[in-house]
Amino acid sequence: MRFEVRALSADNLIETHSVDAADAGEVGRLLQQRRLQPLSIKPAGGAGDSGRLPGRGRRTFSLLLFSAELLALLEAGLSLVETFEALLEKEGSPTARAVLERLTAHLREGLRFSAALARQPEVFPPLYVGIVRAAEGTGDLPHALARYIDYQTRLDAVRSKVLSAAIYPAILLAVGGAVTVFLMAYVVPRFAGVYQGSGRSLPWLSQLLLDWGELVSEHSDVVFGGLLVVALVAVFWLRHFIRSGRWIVFLTRLPGIGERIRLIELSRLYLTTGMLLEGGIPILAALDIVGDTVSPTTREALRSARRTISDGGSLSEAFERCGLATPVALRLLRVGERSGQMGAMLTRSALFYEGESARWIERFAKVFEPLLMTAIGLLVGLIVVLLYLPIFDLAGALQ
């Protein structure tokens, strides 16, 4: 069976290989013989690792909780094997137990911790494997885990702010859509039946609304079936759109908010790169790992920056040339290059824009929510006014 493998070489360069082997375990042994550290092992064709949990992955395994528990037990003085044995004793989730049992078995076989993590790429991303491997070189795994926990906590905080800002508008859209469908499917056809016997000509907009209401009422099965199909297709497309990372590209092109979304993505880029550099990972390997966490447009810019650095350029020069450096980040990067603390300076840049982005999200939500509520109210009000407009005309004629 052929496997597609991403591995870290002895020179800390990420390489891609095709390997023929019976299973993922044999692939790992072959890579070790070549002095390569596996980051991900997938069957050719993208089906995923042969040791992958069916239908499971990071969605059902909390990497943040795992890291926090692992850190607590390691700081208490337990060895890695003892730590996983303790985690297995308390774990009740079948999915988490399967992941921990596999890790424990690999460690007992003599694999390094990072190699054991790399055997389950659907659970442990290359970013996580990379910081663990760097920590193994320095012998300070607890500090690396603490750094990752802080990094993931900051990302989750930004994500929760975005989700919180999106929940209320989503509820408004759902309620407004339900009210509109109810008016068109139930209320408008009743008014149409009343007006048909009046013998009077109706205003053009009112007549158009009544015709639409009658159409929805007469073909309700087709209309609601079509709406259901459209909703399912939209959900499927949206999931694919989000997973591909192209949603960030789309948002960055929107007027008014595009620049802010760009800053949020750059903040995440700085935070991730800074964490890797502070963990001792070389800059070129760090950029390769970070490329899996950003949008396609930024990924291309990172590749250009990597080529510039490979040709002897500095990180600040590469980021400035490829459009990845804001004015503040550029100045901090130059300071970091002079002091040898590029990782710390990137992290400071991320924290600077993280605070600014959080304030912008809060202001945007406060402005957008009333505007959306006003738009929904105007739509519902327009339908009601058009329904009652013929009655107002009739009352005026009687007077």
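This is a short walk through the structure, one selection at a time.

**Start with the whole chain**

Keep in mind that you're looking at a predicted model. Show the protein chain as a cartoon and you'll find 16 helices and three strands. The chain has 399 residues, and 43% of them count as buried. Now think about contacts between residues at least 6 apart in sequence: 62% of these join residues at least 24 apart.

**Stop 1: helices α3 and α4**

Select residues 80-90 for helix α3 and residues 94-108 for helix α4. Their axes sit 10 Å apart, and the two helices pack at an angle of about 155°. Anything over 145 degrees counts as roughly antiparallel, so that is the label for α3 and α4. Where they pass each other, the crossing is left-handed.

Next, turn on the side chains at the contact. From α3, pick L80, V81, F84, E85, L87 and L88. The residues they meet in α4 are R97, L100, E101, L103, T104, L107 and R108. What mix of residues is that? Sorted by type, this contact has eight nonpolar residues, one polar and four charged.

Zoom in on T104, which belongs to helix α4. Is T104 buried or exposed? Its relative accessibility is 4%, so T104 counts as buried. Leaving aside residues up to four places away in sequence, T104 touches F84 and L88. Try drawing a distance between the C-alpha atoms of T104 and F84: you should get 6.2 Å, though the two residues are 20 residues apart along the chain.

Before moving on, click S93 in the loop between α3 and α4. At 26% relative accessibility, S93 counts as partly exposed. Add F61 to the selection, 32 residues away from S93 along the chain. The C-alpha atoms of S93 and F61 are separated by 9.1 Å.

**Stop 2: the aromatic rings**

Now colour the aromatic residues. How many aromatic pairs are there? The count comes to nine. One of them is Y128 with Y148, an edge-to-face pair with 4.8 Å from centre to centre and 80° between the planes. Y128 lies in helix α6 (residues 126-138) and Y148 in helix α7 (residues 141-196), so this pair ties together parts that are 20 residues apart in sequence. Both Y128 and Y148 are buried.

For another arrangement, jump to W360 and F364. Their ring centres are 5.3 Å apart and their planes are at 20°, so this pair is stacked. Both residues lie in helix α16 (residues 342-398), four residues apart, or about one turn of the helix. W360 is buried, with a relative accessible area of 14%, while F364 is partly exposed at 35%.

Then go back and select F66, F84, F113, F124, Y128, Y148 and Y151 together. These residues form one aromatic cluster. You've met some of them already: F84 is among the α3 residues at the contact with α4, and Y128 and Y148 make up the edge-to-face pair.

**Stop 3: helices α12 and α13**

For the last stop, select residues 283-290 for helix α12 and residues 296-310 for helix α13. How do these two helices cross? Their axes come within 10 Å and cross at roughly 170°, so α12 and α13 are roughly antiparallel to each other.

Show the side chains here too. I283, L284, L287, D288 and V290 are the α12 residues at the contact. Across from them in α13 you'll find L302, R306, I309 and S310. By type, the contact of α12 with α13 has six nonpolar residues, one polar and two charged.

Methods. Residues are numbered from 1 along each chain as its sequence is written. This is a predicted model: local features need pLDDT of at least 70, side-chain atom pairs count only at pLDDT 80 or more; totals for chains, interfaces and linings use all residues. Side-chain values use heavy atoms; hydrogens and water are left out. Axes are lines fitted to C-alpha atoms, for helices over the stretch in contact, and angles run from 0 to 180 degrees between N-to-C directions. Angles under 35 degrees count as roughly parallel, over 145 as roughly antiparallel, 65 to 115 as roughly perpendicular and the rest as oblique. Contact means heavy atoms within 4.5 Å. Ala, Val, Leu, Ile, Met, Phe, Trp, Tyr, Cys and Pro count as nonpolar, Asp, Glu, Lys and Arg as charged, and the others, Gly among them, as polar. A crossing is left-handed if the near helix is turned anticlockwise from the far one by less than a right angle, and right-handed if clockwise. Rings of Phe, Tyr and Trp (its six-membered ring) pair if their centres lie within 6.5 Å; planes under 30 degrees apart count as stacked, over 60 as edge-to-face and the rest as tilted. Buried means under 20% relative accessible area, exposed over 50%, partly exposed in between (1.4 Å probe, protein chains only).
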